[in-house]
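Let's take a walk through this structure together, with an eye on confidence and on charged side chains. Please have a look at it before reading on.

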Amino acid sequence: MIRKLSDISPILTSHGVGQKRVLLSSSEAGCSLTQIAVTTLKEGETATAHIHPDMQEAFYVMEGEVEVILDGQHTICDKDTFVYVEKCTSHEMRAKSDCRIMTIGCVIESSRNKLYPMLFKQNRKTLVWGTEDWTVSGVPNSESEVENGTWARYNLTEVISRRPEEILGKQVASKYNNQLPLLTKIIEAHKDLSIQVHPNDEMAKREHNKLGKSEMWYILDARPGSYLYAGFKQQITPEEYKERVANGTICEVLAKHEVHKDDVFYLPAGRVHAICGGIKLAEVQQSSDVTYRIYDYNRPGLDGKPRELHTELASQAIDYKVYPEYRTGNDSSPFKGDKRGSVNEILNTPFFSIKVIETTESFHRNMIKYDSFIILMVLNGDCKLRVRSTGYEVTVSEGNSCLMPASIADYDIIPLNKADEEHSSPFKGDKRGSVKVLEAFINNKKTIGKIISDFFHLD
């Protein structure tokens, strides 16, 4: 193959600055090479700092002068300078003059092929009523940042884009366009949250081009007498709803529930709800940031200004039906006759499924059959997660979460306590501490079962 640079059409670089002409692509090379290209930068343009956990790069300055920053170290490079960038090295280029640079990238196959359970840096948001820790998020501009392993310092969306089917599961990747469809949080409400509602998928798509928002709350702790709102206690019309919002009496028609540790509430899209002060909970929801605020007690936001209400949109989203029960059943009695541990299925919805595992010993979980990623939230205690196929281990402490890729979701949950962590001495008998872990995933096995049932016309 022989090519002349001037015959190759320029394209925008992945950094959004400068142009490049690709001399040789990975598909043409048929090997671990990503590409060989010539990049043109104008004076003052900057390819901002980034890293590649599975790729090495090399730059050769053909013309001009460029400032290269490798892990914070600045070097001025002029014509005929060669720069080698190892994997996981932060690198940035600033054009000191108009310049041309030859770039060569090569994937490290041993790094690329290894999937593992991912941990994340804290992603905490302070709000007028308390705090939210977004423990696993793919929401644009609020993505979780990987903390461990090959993908450290990458955000979760970037990681998933590399290997969507293996991380999300084939069916999940196809259905959700290679996007993580769930968001998990730990919420601490010091004051009452606003009265609110979320749209379903159809309305959210129509109004915002986003997913709808059904969610689940698992109560981790609650002050005595703490309560929340979920659903209506009496029938009202859309017109009465608007009147009550206007005169501040909407709470009078909402169902009020006193809560205790291990209570569970499922909030399908359309159900009016609010967490109130004194409650700490784990939340699993569809990956959406669409919320319609109905009533906010006439209080200002953190900026001192009144927070926006969405009265009209909420009126279209609300399910006005009164239901006999709003609390979700949860048999949280430990171990159910098995001294080692128990699995309690909490929810099995079209949007997500929830199981809670409580154990005092190493507990095997094979979730590969669901063809879905697993988000594991440690509700009580600390544990290790060990992947059976690779032996890879991560330690997850109470209140933190882990993303288990779909293709390696065959793992052991191993309880820990201070003696394990500090002295590595095993417990004898039944002295090992217990751990409670919530698993959130997409139940594709259920979908497959329905397809088979429909095919054979089974009831």
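What follows begins with how far to trust the coordinates and then turns to salt bridges.

This is a predicted model, and its chain has an average pLDDT of 89, with 90% of the residues scoring at least 70. Two stretches call for care. Across residues 419-431 the pLDDT stays under 50, and the model gives this stretch 12 contacts beyond four places in sequence. Residues 447-459 also have a pLDDT below 50, with two contacts beyond near neighbours in sequence. Where pLDDT is low, predicted coordinates should not be read in detail.

Now for the charged pairs: the structure contains 22 salt bridges. One of them joins glutamate 67 to arginine 94, with 3.9 Å between the closest N and O atoms. Because glutamate 67 sits in strand β6 (residues 66-70) and arginine 94 in strand β9 (residues 91-95), this pair ties together parts that are 27 residues apart in sequence. Arginine 94 also bridges to glutamate 92, where the closest N and O atoms are 2.7 Å apart. Glu67, Glu92 and Arg94 are thus joined in a network of salt bridges.

How do these three sit relative to the surface, buried or exposed? Glutamate 67 is buried at 11% relative accessible area, and glutamate 92 is buried at 14%, while arginine 94 is partly exposed at 31%.

Further along, arginine 307 pairs with aspartate 296, their closest N and O atoms being 2.9 Å apart. Both residues lie in the loop between β22 (292-295) and α8 (311-317), 11 residues apart. Aspartate 296 counts as buried, with 4% relative accessibility.

Definitions and conventions. Residues numbered from 1 in each chain as written. Predicted model: local features only at pLDDT ≥ 70, side-chain atom pairs only at ≥ 80, totals over all residues. Heavy atoms only, no water. pLDDT = per-residue confidence, 0-100. Contact = heavy atoms within 4.5 Å. Salt bridge = Lys/Arg side-chain N within 4 Å of Asp/Glu carboxyl O. Helix = DSSP H or I, 4+ residues; strand = E, 2+ residues; numbered from the N terminus. Buried < 20%, exposed > 50% of the residue type's maximum accessible area, 1.4 Å probe, protein only.
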